[in-house]
Amino acid sequence: MQIRVLGAYGGSTPRHRQTSFLIDGTVALDAGALTSALELEEQARVRAILVTHSHMDHVNSLPFLVENVFGKVDGPIEVIAPPEVVASLKTHLFNNDLWPDFTRIPNHLLPVVSFRAVEPNTPFAVNGLTAVAIPVAHVVPTYGYLVSDAHSSVIFSGDTGPTDAIWKRACLEKKLAAIFVECSFPNAMQEIAEISKHLTPSTLAREIGKFPPKVAINIYHMKPPSAAAIAAELAGLGVPRLRLLGDGDELNY
Ligand SMILES: [Zn+2]
Ligand SMILES: [Zn+2]
């Protein structure tokens, strides 16, 4: 499985793109940076987007991707998430107010985008991969995803504070090659992290105790103003299997 880090951050500056990964060139996980990181031809190869939750830093490039690939793709791009997340995107984003309802453009029979609501904790197929949405602990309905091919599996936490179900699932996964987990704020902002349900290096260290041993740990969703402080505190944890992701990184499992 090839994973490109299109956006490693939970915010935006000219040097920090928002959360988005691309798996095997065709399946995206979150859409914070699909149009700022991918060339038009690469955008047209995206066949499905797994969405963790409705927050803007995870969906903001969806409207522009859909517009860019209009007329260039055979069949709709699938936006996949559990029902509450799909409902939020339909109600608040593709609502003919913030952006046109592209599920009815050019018409409802041949749309450029379609939504697929998936059942949490139930595996589904997506463009040659298998995925499962697993609920995590954030301020809106949010799901991490376990994504597998025949050879290996990886798990993405989504935005979350301390949580359990997804890490229990990770421990059961025999071919798990990597965990992608958020760390949004430095320890000095612990109270804000708790209110907004995110992790700091200190709470991440406790979460790591729930992870299966030896599996690679990739950190993302740092808030740009705090990125340097988070990096220093994570280095201080002294966990050799931990890697801080950056925009443009490519990982193969
Ligand atoms: Zn976020
Ligand atoms: Zn969020």
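Helices and strands here are DSSP runs, numbered from the N terminus, with at least four residues for a helix and at least two for a strand. With that in hand, you can place N127 in the loop between β7 (124-126) and β8 (129-135). Keep in mind as you explore that this is a predicted model. A good place to start is the pair of zinc ions, ligand 1 and ligand 2, which are 3.5 Å apart and are both coordinated by D159. After that come two helices that cross, three buried residues and their neighbours, and two residues with a positive phi.

**The zinc ion (ligand 1)**

- Which residues hold the zinc ion (ligand 1)? Its protein donors are D57 (OD), H58 (NE2), D159 (OD) and H221 (NE2), at distances of 2.0 to 2.2 Å.
- The 4 donor atoms subtend angles of 89 to 171° around the zinc ion (ligand 1), so the arrangement is irregular.
- Along the chain, the donors of the zinc ion (ligand 1) follow the spacing D-H-x100-D-x61-H.
- H58 belongs to helix α3, while H221 sits in the loop between β12 (216-220) and α9, so this pair ties together parts that are 163 residues apart in sequence.
- Both H58 and H221 are buried.

**The zinc ion (ligand 2)**

- The zinc ion (ligand 2) has H53 (NE2), H55 (ND1), H138 (NE2) and D159 (OD) as its protein donors, lying 2.2 to 2.4 Å from the ion.
- Why is the arrangement around the zinc ion (ligand 2) irregular? The reason lies in the angles that its 4 donor atoms subtend, which run from 90 to 163°. Four donors count as tetrahedral if all angles lie between 85 and 135 degrees.
- In sequence, the donor residues of the zinc ion (ligand 2) are spaced H-x1-H-x82-H-x20-D.
- Distant parts of the chain are linked here: H53 is in the loop between β4 (48-50) and α3 (56-59), D159 is in the loop between β10 (153-156) and α6 (165-172), and the two are 106 residues apart.
- H53 counts as buried because its relative accessibility is 0%, and D159 is buried too, with a relative accessible area of 1%.

**Two helices that cross**

- Helix α8 (residues 201-208) and helix α9 (residues 227-237) have axes that come within 10 Å and cross at roughly 40°.
- Right-handed or left-handed: which describes the crossing of α8 and α9? The crossing is right-handed.
- On the α8 side the contact is made by P201, L204 and A205, and on the α9 side by I230, E233, L234 and L237.
- Sorted by class, this contact of α8 with α9 has 6 nonpolar residues, no polar ones and 1 charged residue.

**Three buried residues and their neighbours**

The contacts listed in this group leave out residues up to four places away in sequence.

- L93 lies in the loop between α5 (83-92) and β6 (113-117), and with 10% relative accessibility L93 counts as buried.
- The residues that L93 touches are V59, P63, S88, L98 and W99. L93 and N60 are 33 residues apart in sequence, and their C-alpha atoms are 9.3 Å apart in space.
- V46 is in the loop between α2 (40-45) and β4, and V46 is buried, with a relative accessible area of 0%.
- V46 touches L22, G25, T26, A28, L38 and I77. From V46 to V5 there are 41 residues in sequence and 14 Å in space, C-alpha to C-alpha.
- L251 has its place in strand β14 (residues 250-252), and L251 is buried at a relative accessible area of 5%.
- Among the residues that L251 touches are M1, V5, F180 and R243. L251 and I23 are 228 residues apart in sequence but 9.7 Å apart in space, C-alpha to C-alpha.

**Two residues with a positive phi**

- Most residues other than glycine have a negative phi.
- D30 is not a glycine, yet its phi is positive, near 65°. You will find D30 in the loop between β3 (27-29) and α1 (34-37).
- N127 is not a glycine either, and its phi is positive at about 45°.
- Buried or partly exposed: which word fits D30, and which fits N127? D30 counts as buried at 0% relative accessibility, whereas N127 is partly exposed, with a relative accessible area of 45%.

Terms used: Residues numbered from 1 in each chain as written. Chains lettered and ligands numbered in written order. Predicted model: local features only at pLDDT ≥ 70, side-chain atom pairs only at ≥ 80, totals over all residues. Heavy atoms only, no water. Donors = N, O, S within 2.8 Å, 3.2 Å for Na, K, Ca; no water. Tetrahedral: all angles 85-135°; square planar, octahedral: opposite > 155°, others 65-115°. Buried < 20%, exposed > 50% of the residue type's maximum accessible area, 1.4 Å probe, protein only. Axes fitted to C-alpha atoms, helices over the stretch in contact; angles between N-to-C directions. Left-handed = near helix turned anticlockwise from the far one by under 90°. Contact = heavy atoms within 4.5 Å. Nonpolar A, V, L, I, M, F, W, Y, C, P; charged D, E, K, R; others polar.
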